[in-house]
Amino acid sequence: MKTWFAGEEVAAFTAFCRQALRTALTRSRASRDSMTEESGKALRRSEEALRRSERLFRAIVETSPDAVSLLDREGNFLYASPTAAKLCARTGTDMVGVNVFDLIAPQDLDVYRQRWTECIAQPGVVLRHEFRMIMPDGSVRYRESLRVNHLNDPNLRAIVSLVRDNTERRRLEEQLYQSRKMEAIGTLAGGVAHDFNNLLSVILGYSELLLSGLPETDPMRSDLEEIRDAGKQAAAVTGQLLAFSRKQLMNPTVIRLADTVAGMERMTRRLIGEHIELATLTRGSAGNVMADPVQLEQVLLNLVVNARDAMPAGGKLVVETADVYVDAGHAASLGVQTGPFVLLAVSDSGTGMDKATLDRIFEPFFTTKADRGTGLGLATVFGIVRQNGGAISVYSELGRGTTFRVYLPRTDAAASPSPPLAPSAALRGTETVLLVEDSDAVRHLAHELLRRQGYQVLEASNPGEALLAAEQHSTSIELLLTDMVMPKMTGSDLARRLAAQQPRMKVLYMSGYADTIAYHNGVLPPGFAFLPKPFTPEALLGKVRETLDTAQNDTKPASSVGVSS
Ligand code: ADP
Ligand code: MG
């Protein structure tokens, strides 16, 4: 794993230097002793050889990308190569007399002393270790050192130290670790949320059903309402988990981010209260992005609420949008491709965060707000931003404040007008609905809800049954309400098969799980009717009515969605 040269090589190198010095010295002594008229030339030659060898070794040391230094027993610098001085943010001459212990980060000082003692005790042995250094500007840098005790060597009389800067490698390792961690948590959270969705549909649906059947004065109502409300809260949590694991289905449109921010300004102001000052800025033209507007509002909302929470005694909140170009270096650290982005920055002058907190803020359920926090705000933001092809970075200073920066890929397409509102007609109907759903509980619930509103319902627990039911049914089917992901045949395959016999049939898909294999990044094509699970009765009935009432509905989504099965 370590990439440095082996200890034997260092030992060989120092041995070679020592040998060369000895040879040169012996030669010059010899020439001095045998000084005759003939030997004047020989002396000059050997002096020249000495100077050449000196220049050679100086060049090696001074151009080495690793820092070379000589220290005395107490750790005072006797010599520092230019790189060594650079690693300590000083000039070469400044280093002489500096004590190395003064440069070590306090948290690593004990271990450093221990290693130093070992080095003193073991002359000639190459010892390696890593430590952190505090720079004059207060920043912390990682260093890896190889150290050999040559104190007893009459030619050196020093501890020879080779030091390499490990900061960048550490940063990359850390970045990799963090992104793997988020991936793993995302997979786990997505799986759990998927399983919970069906259960929650049932809990919510049946509590609504029971409530609708009870008279206003019934003493059981309040208990039932408690159950329903808890179910709703749980559904909100699974929704956020799905967002985090990037499994939320989204309806991207071209939007101007600055307009989203402006549209939310009044709500933002109300949310943060009087004691916090709000400024919204747009730098440059703040171009368009391709994203789900509802998701973007969620992102802004979560960041604003967090900023508010970080400023209990008041402060300043700045929401900024700008066009930026992300160059190669920046793109690597953000984990995106280089190119034009639109930036949404939310800055507060609040409490700020320490490193330990910063490392975990995007994990679901991580919160420092003992009683009020859910720890899902930033997890949701993270998932949404990544799902929309963007990136998020955070800069925070304890006691000073925090800036979250969200980068979304910029698009040249023109912003689309806001979509028409869903019709809020009476949610009743008499049409025939073919309901296909493999979860018995969800199917029974949907059946019951539709039947009570006047619909004719044909029920099937799998696509095979559905085809059979359609064949046996004499009149036409107006709506296919089907699960999207089923074993053997997908919802869209079923829709295609049925479309031949039922030319007027509309299709409404339901799913709690945007199976990433079946769906391209969870992106829905326009005109594709979809009901996310878990659903409330109003959501189901509303969507059914809306789908039946639309003039056209894409019954053949397979080609446009890219089902690969
Ligand atoms: P919650 O707000 O429910 O705690 P979040 O996921 O939104 O969950 O945030 C997680 C944690 O990140 C917070 O508990 C807080 O410690 C920290 N945090 C987030 N935003 C800020 C901010 N603007 N300033 C300081 N700390 C923050
Ligand atoms: Mg929050």
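Two strands are said to pair if DSSP finds at least two bridges between them, and the legends below use the word in that sense for this predicted model.

**View 1. Five strands arranged as an open sheet.** In this predicted model, 5 strands form an open sheet whose order is 14-13-15-16-17, and their pairing is parallel. The edges are strand 14 (456-460) and strand 17 (530-532), each of which pairs on one side only. From one strand to the next, the twist averages 20 degrees.

**View 2. The pairing of strand 13 with strand 14.** Strand 13, made of residues 432-436, pairs with strand 14 in the parallel sense over 5 bridges. Within this pairing, V436 has A460 of strand 14 as its bridge partner.

**View 3. Two helices lying across strands of the sheet.** Helix 14 (residues 440-452) lies across strand 13, strand 14 and strand 15 (479-483), and runs at about 170 degrees to strand 14. Helix 15 (residues 463-472) lies across strand 13 and strand 14, and runs at about 160 degrees to strand 13.

**View 4. The crossing of helix 6 and helix 14.** Two packed helices are described by the angle between their axes and by the distance between the axes. For helix 6 (residues 167-213) and helix 14, the axes come within 9 Å and cross at roughly 35 degrees, and the crossing is left-handed. The residues of helix 6 that meet helix 14 include N198, Y206 and S212, while those met in helix 14 include A441, H444 and R452. Sorted by class, this contact of helix 6 with helix 14 has 7 nonpolar, 5 polar and 2 charged residues.

How values were computed
Residues numbered from 1 in each chain as written. Chains lettered and ligands numbered in written order. Predicted model: local features only at pLDDT ≥ 70, side-chain atom pairs only at ≥ 80, totals over all residues. Heavy atoms only, no water. Helix = DSSP H or I, 4+ residues; strand = E, 2+ residues; numbered from the N terminus. Axes fitted to C-alpha atoms, helices over the stretch in contact; angles between N-to-C directions. Contact = heavy atoms within 4.5 Å. Left-handed = near helix turned anticlockwise from the far one by under 90°. Nonpolar A, V, L, I, M, F, W, Y, C, P; charged D, E, K, R; others polar.
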